[in-house]
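Subject: Handover of a structure and the findings on it

Dear colleague,

Please find below the structure that I am passing on to you. I would be grateful if you would keep it open while reading the notes that come after it.

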Amino acid sequence: MLSATEQRLVDGIARRHDELVRDLATWVAVPSGRGYSSALEEMRGLLIGRLVKLGATPHEVQGAVAPTWLREGPTNAAEPPPFLVCRRLRPNAKTHILLCGHVDTVHDPAGRFNRLVISQDGTKATGPGCADMKGGLLVAIAALEALESAGVPVSWSFAIVSDEETGTFHADAALRDEAARGYTHGLVFEPALPDGSLVVERPGSGQFMIECRGRSAHVGRDFVKGISAVRALADATIGALSLADPARGLLVNIGPLEGNDATNIVPDRARAWGNVRCTNSAAQATAKEGLLALNANHGQLPSTHVELLFNRPSKPKTPAVEQLAMQARSAAESLGQQLPFGVTGGVCDGNNMQAAGLPVIDTLGVRGGGLHTLDEWIDLSSLVQRTQLAAVLMARLASA
Ligand SMILES: [Zn+2]
């Protein structure tokens, strides 16, 4: 059952459907694909404007610089804007909620997939970041706006990350510091699973690079004097990929690869970048040990050198997470919605926030699919439904 106040919240949000779709179209048209700093700044500006109107004060924290080997690899990005948090805290409140979302998308800022296209019947739309996660950012902000206009006092802060899709290397420390500031609940607005499920458990994730050195030589004249770094890298990548053991919760992926730029020279340097995902600490230990064991022949050629960084700790379903998930489910049921629980191999900023000791649920955003592809889509009715869910959940957390 909804209380009278909750019913008012829900009715007010239902009337905003068209306005939310218009906002989403505006936000999706901002090309905040990876590394495109001016669009990231523009998106941040749009969010700050809305949050400041609600009484929040923005604070920026300069992020860390990701290690060179990582910046040169697939997660390469121009230095993103600083970590941003907009705080609207009420010191006497018993609960303090940290909301979090990211403004970056995986899409090519100069690509043709660049705006929100709504289906004929108006129920769905496609567009870069419409689900992951501009739709989610909109849900979070619209919920806060609804609470404010219904006069429901909630103590909250909104953390805005600009490099989530490349691993949150830049914002990690600042986000964890923020999460450790005494909040009681963490809510992240990543897209729901396609059936609307709430993810309650996530693996940890790490990045690595394998670099091999050899000796270059002209293929025709001096082949036997050459030592191929690509050959060494091939052995090392097979070694790394062989560590994968999905049944035990360990996934290993490699790509991209790099090895000189001509076919008639024995390559003296080759590199590969990869990603590991571990559902438990034993799998993480196996991955770490196995990857570091590929280090070989320092001082001799060919040599193999491995760099490794576990940047997203696993996010287990702790009793506090379970309790928060049950509160979300109960809010959903009061709204006549279903909220099944699910698991995913994906990782997100919820991992980093929970590692700072904060119980977090992290798929409170919109329903949709095709994430990270040119078919990314959103179920437009989920804008209102998920805003209602977030608003009722926050109202209940605040009054508990
Ligand atoms: Zn995302």
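The notes below set out what was found, beginning with the pocket and the cavities and ending with the surface. Please bear in mind throughout that this is a predicted model.

The largest pocket

The largest pocket has a volume of about 760 Å³. It is lined by 36 residues, and those closest to its centre are E165, R277, G346, V347 and H372. Several strands take part in this lining: strand 9 (204-213), strand 11 (250-259), strand 13 (269-278), strand 14 (303-312) and strand 17 (368-369) are the elements that give two or more residues to it. Strand 13 gives the most, with 4 residues. By class, the lining of the largest pocket holds 17 polar, 11 nonpolar and 8 charged residues.

The cavities and helix 5

Turning to enclosed space, the count comes to 2 cavities of 30 Å³ or more. The second largest cavity has a volume of about 30 Å³. Its lining is made up of R90, L144, L147, E148, V152, V154 and W156. Of these residues 5 are nonpolar and 2 are charged, while none is polar.

Helix 5 supplies the largest share of the lining of this second largest cavity, namely 3 residues. The helix covers residues 130-149, and 18 of its 20 residues are buried, so helix 5 is largely enclosed by the rest of the structure. After helix 5 comes G151, which has a positive phi, near 70 degrees.

Salt bridges

A search of the whole structure finds 21 salt bridges. Three of them are described here, together with a network.

The side chains of R16 and E19 meet in a salt bridge, with an N to O distance of 3.0 Å. R16 has a relative accessible area of 15%, and because buried means under 20%, R16 counts as buried. E19, by contrast, is partly exposed, at 33% relative accessibility. Both residues also belong to a network of salt bridges that links R16, E19, D23, R50 and E145.

A second salt bridge joins R44 and E41, whose closest N and O atoms are 3.5 Å apart. How far apart are R44 and E41 in helix 3? They are 3 residues apart in this helix (residues 37-53), which means that about one helical turn separates them. R44 is buried, with a relative accessible area of 3%, whereas E41 is partly exposed, with a relative accessible area of 41%.

The third salt bridge is formed by the side chains of D349 and R312, at 2.9 Å from N to O. This pair links distant parts of the chain, as D349 is in helix 11 and R312 is in strand 14, 37 residues apart. Both D349 and R312 are buried.

Two buried residues and their distances along the chain

Helix 11 (residues 349-355) also contains N352. Is N352 buried or exposed? N352 has a relative accessible area of 0%, so this residue is buried. N352 and R176 are 176 residues apart along the chain, and their C-alpha atoms are separated by 6.3 Å.

V199 is part of strand 8 (residues 198-201). This residue is likewise buried, with a relative accessible area of 0%. V199 and L46 are 153 residues apart along the chain, and a distance of 28 Å separates their C-alpha atoms.

A nonpolar patch on the surface

Which residues form a nonpolar patch on the surface? They are V219, F223 and V224, and together they have about 320 Å² of accessible area. V224 lies in the loop between helix 7 (219-222) and helix 8 (229-241). With a relative accessible area of 78%, V224 is exposed, the cut-off for this being over 50%.

In summary, three items may serve as starting points when you look at the model:

- the largest pocket, with strand 13 giving the most residues to its lining;
- helix 5, with 18 of its 20 residues buried;
- the network of salt bridges that links R16, E19, D23, R50 and E145.

With kind regards

Technical notes
Residues are numbered from 1 along each chain as its sequence is written. This is a predicted model: local features need pLDDT of at least 70, side-chain atom pairs count only at pLDDT 80 or more; totals for chains, interfaces and linings use all residues. Side-chain values use heavy atoms; hydrogens and water are left out. Patches are made of residues with over 30% relative accessible area and no salt bridge: like charges are joined within 9 Å, nonpolar side chains (Val, Leu, Ile, Met, Phe, Trp, Tyr) within 5 Å. Accessible areas come from the Shrake-Rupley method with a 1.4 Å probe; for residues, only the protein chains shown count as cover. A salt bridge is a side-chain nitrogen of Lys or Arg within 4 Å of a carboxyl oxygen of Asp or Glu. Buried means under 20% relative accessible area, exposed over 50%, partly exposed in between (1.4 Å probe, protein chains only). On a 1 Å grid over the protein atoms alone, a cavity is a set of points where a 1.4 Å probe fits but cannot get out, and a pocket is an open set with protein on both sides within 12 Å along at least five of seven lines; lining residues have an atom within 4 Å of a point. Grid points are joined across faces, edges and corners, and a volume is the space filled by probe spheres set on the points. Ala, Val, Leu, Ile, Met, Phe, Trp, Tyr, Cys and Pro count as nonpolar, Asp, Glu, Lys and Arg as charged, and the others, Gly among them, as polar.
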